[in-house]
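I opened this notebook to record what I looked up in the structure. The entries follow the order in which I consulted the model.

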Amino acid sequence: MAEPAISTVELTKRYEDFTAVDSLNLTVKEGEIFGLLGPNGAGKTTTILMLLGLSEPTSGTASVTGLSPTRQPLDVKRVVGYVPDNVGFYADLTGRQNLEYTARLNRMARADYETRITDLVAQVGLTDAVDRPAGTYSRGMRQRLGIADALVKNPRLLILDEPTIGIDPEGLREILDLIRTLREDSGVTVLLSSHLLHQVQSICDRVGIFVEGKMVAEGPVRELAAQLKQGGATIEVAVDDWARAGDVMYAIPGIRRIDRGEDHWVISAETDLRPQIVKALAERGIGLLHLKLREEALDVIYMNHFGRDGHNS
Amino acid sequence: MATTVSQAPLQPIRRLSGGWRVVAGKELTDHLISIRFFILIAIMGLSAIAAVYSAAGGIREASAAIDSDFPGLFLKLFTIQPESSRIPPFFALVALLGPLFGIAFGFDAVNGERSQGTLPRLLSQPIHRDDVINGKFVAGLSVIGLVLVLLTMIVAGVGIVRIGVTPSVSELIRIVGYVVVSIVYIGFWLALSSLFSVVLRKASTSALAAIAAWLVASLFALLFVGIVADIVSPVPDQPTIDEQIANAKTQRNLSFVFPQSLYQEATIALLEPEQRTFDILGLISLQNPQSGAIRGPLSLEQSLSIVWPQVTGLIALTVICFAGTYVAFMRQEVRA
């Protein structure tokens, strides 16, 4: 693909007292599902608003399907479907009327949008509810209607801000399936943001981890773990003589830290030091009950980066 | 879930102008089927009918004494309050309830979109940001215009049937002028409440703020004008005529910042050609010796030349409010 769906160069948004997005260089390829992950307040929504031309960058440039959101906002909004965080609809209008308004705002002719809306509503599974007032919809239904709404204009890029927030597990699975199906069927590029990595990592081709306005890591989920490991290893140990084990462990070169848990210790080391640990414990006659190298799940890395913020679901 | 979706043709960019029309169309439909519209139209319709019946009755009582060619008889339908009646005349009802109408269709223009969570979705469509404000303002003005024209026609219709007098051309022009001035006046309250709807995040707060502004301007305008005028142009115990005129002049100039006084002067000049309560200065400053000497009604041209400054003032106030709304909205972050 010649033109990336999204590309930003040193994109920065500064408010009076803080920097929301700091020199962001982001590239999303045509046709991929990209997950923008980070804790609340990391600058994800600000980034999305700049991509849509709804917020002016302080410096740097963005390009969306080759168009500039600052100079060609209308052209960008014509090809980008956006489902905002906690999407809302006119409560007194039916779901269908809400979508028809969107179609008219895109200057589509009635003949073009009528069947399209019916099809889209069927695709998101709202056929039974679409002629009821949108005020009666549950959060999950609004989210699905939001996706249909964003697709009315037949976008080349779909941006979903926190699509999984406040949705029950069943609804979550439906929405993720829907996003996956959409990409397979129409080849639309998807950018989704979330602060809950484990919910969305399964459908993302690539993710970017975004903390305090900065992209700290970017790549396919698998590679990302390696990128973030920073050469360290985490080892679980359980022994029969806890009292003496501590000194023994700290004597091994390369051990950084020991977190003493209930039934095992978690050891941070520079490399995989399992052989050295076994040897040192054996020399002192301490029995080894459990020894395991922790596979760094992305969740753990994510937690390390975000601390408690990442876990407030 | 796996349904094939028909592909819509991508719209060429040149067709993307005029987004305000789509917004205005939707807003107008919303207004016309809204409960608040029904409430307001019921209140105003009923009071208009009551007012015109009362006025027509008063005119019939007096008509024996008045020559039916009396100029401006038809206009009396809009302005007269017979002594036996406690129902205020139509033009006073519009002056009283009109601002409420304007406020009702503006106070939640933008913060309503915010609280429903529809604003980001709306602004991510290929329309200019000002299309939202423009469309909403046009829709509000259209509803106001529609209601005023409707009510005026009811009053005129009832009047024609009840007193059997048809309006002359100059009376028709005066009535049209009155409707236009009223639309501008109510448009001012629409613009002011829209401004509050941008600046204040809660619809209830902006409604209260707009109503408070209306009450303050209505109740305290005269008081404020009097106090300031006495400071600027004091009137001693034994005032000379010049001092009194200076004080009156200051009062008059100050009252120009209040839409109510502008509107009141404009409607009186248009609908009551024989009324000269406010033109004491006009009388003195007018070089035409006739105008002061003859107690006859003002001609259409004279009335129009008198209302011109008031109308300009009203338009200016409305434009200032609208411009404020526009600027505030354009600078505002999409996110709450």
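**Entry 1: a covered strand**

I began with strand β12 of chain A, which is mostly covered: five of its five residues are buried. I took buried to mean under 20% relative accessible area, exposed over 50%, and partly exposed in between, with a 1.4 Å probe and protein chains only. Helices (H or I, at least four residues) and strands (E, at least two) are DSSP runs, numbered from the N terminus. I then checked the two faces of β12(A) and noted that both are covered: Trp265(A), Ile267(A) and Ala269(A) are buried on one side, Val266(A) and Ser268(A) on the other.

For the record, this is a predicted model in which local features need pLDDT of at least 70 and side-chain atom pairs count only at pLDDT 80 or more, whereas totals for chains, interfaces and linings use all residues. Residues are numbered from 1 along each chain as its sequence is written, chains are lettered from A and ligands numbered from 1 in the order in which they are written, and side-chain values use heavy atoms, with hydrogens and water left out.

**Entry 2: the sheet around β12(A)**

Which order do the strands of this open sheet follow? I read four strands in the order β11-β12-β10-β13 of chain A, with antiparallel pairing. Two strands count as paired if DSSP finds at least two bridges between them. The edge strands are β11 (255-260) and β13 (288-293) of chain A, each pairing on one side only. Neighbouring strands are turned by 20 degrees against each other on average, direction ignored; axes are lines fitted to C-alpha atoms, for helices over the stretch in contact, and angles run from 0 to 180 degrees between N-to-C directions.

I next went through the pairs. β11(A) and β12(A) form a hairpin with four residues between them, and they pair in the antiparallel sense over five bridges. In this pair, Ile258(A) has Ile267(A) of β12(A) as its bridge partner. β10(A) and β12(A) are also antiparallel, over five bridges, and Thr234(A) is bridged to Ser268(A) in β12(A). Five bridges join β10 (residues 233-239) to β13(A), again antiparallel, with Glu236(A) opposite Lys292(A) in β13(A).

I found two helices of chain A packed on this sheet. Helix α9 (residues 242-251) of chain A touches β10, β11 and β12 (265-269), its direction making about 160 degrees with that of β11(A). Helix α10 (residues 274-283) of chain A touches β10, β11, β12 and β13, at about 165 degrees to β13(A). Contact means heavy atoms within 4.5 Å.

**Entry 3: a mixed sheet in chain A**

I then turned to an open sheet of six strands in the order β5-β6-β7-β3-β8-β9 of chain A, where the pairing is mixed. β5 (80-83) and β9 (214-219) of chain A stand at the edges with a single partner strand each, so one side of each is left without a neighbour in the sheet. The twist averages 15 degrees from one strand to the next.

β6 (residues 157-161) and β7 (residues 189-194) of chain A pair in the parallel sense over five bridges, and Leu157(A) stands opposite Thr189(A) in β7(A). Helix α5 (residues 139-151) of chain A packs on the sheet, touching β5 and β6 at about 165 degrees to β5(A). Helix α1 (residues 44-51) of chain A lies across β3 (33-37), β5, β6, β7 and β8 (206-211), at about 150 degrees to β7(A).

**Entry 4: chain B and one of its helices**

How many helices and strands does chain B have? I counted 14 helices and zero strands. Buried residues make up 48% of its 336 residues.

I chose helix α10 (residues 241-255) of chain B, which has 15 residues. In α10(B), Asn247(B), Thr250(B), Leu254(B) and Ser255(B) are buried. Seen down the axis, the buried residues of α10(B) fall within an arc of 135 degrees, so they line one face of the helix; the arc is that of the directions from the helix axis to the C-beta atoms. The face turned away carries the exposed residues Ile241(B), Asp242(B) and Asn253(B). What covers the buried residues includes α9 (203-232) and α11 (259-271) of chain B.

**Entry 5: where the chains meet**

I closed with the contact between the chains, which takes 41 residues from chain A and 38 residues from chain B. Chain A and chain B bury about 3900 Å² between them, 56% of it on carbon and sulfur atoms. Buried area is the accessible area (1.4 Å probe) that two parts lose on being put together, summed over both. Arg78(A), Tyr90(A) and Arg107(A) supply 21% of the area that chain A buries against chain B, more than any other three residues.

Conventions
Expected span 1.5 Å × (residues − 1).
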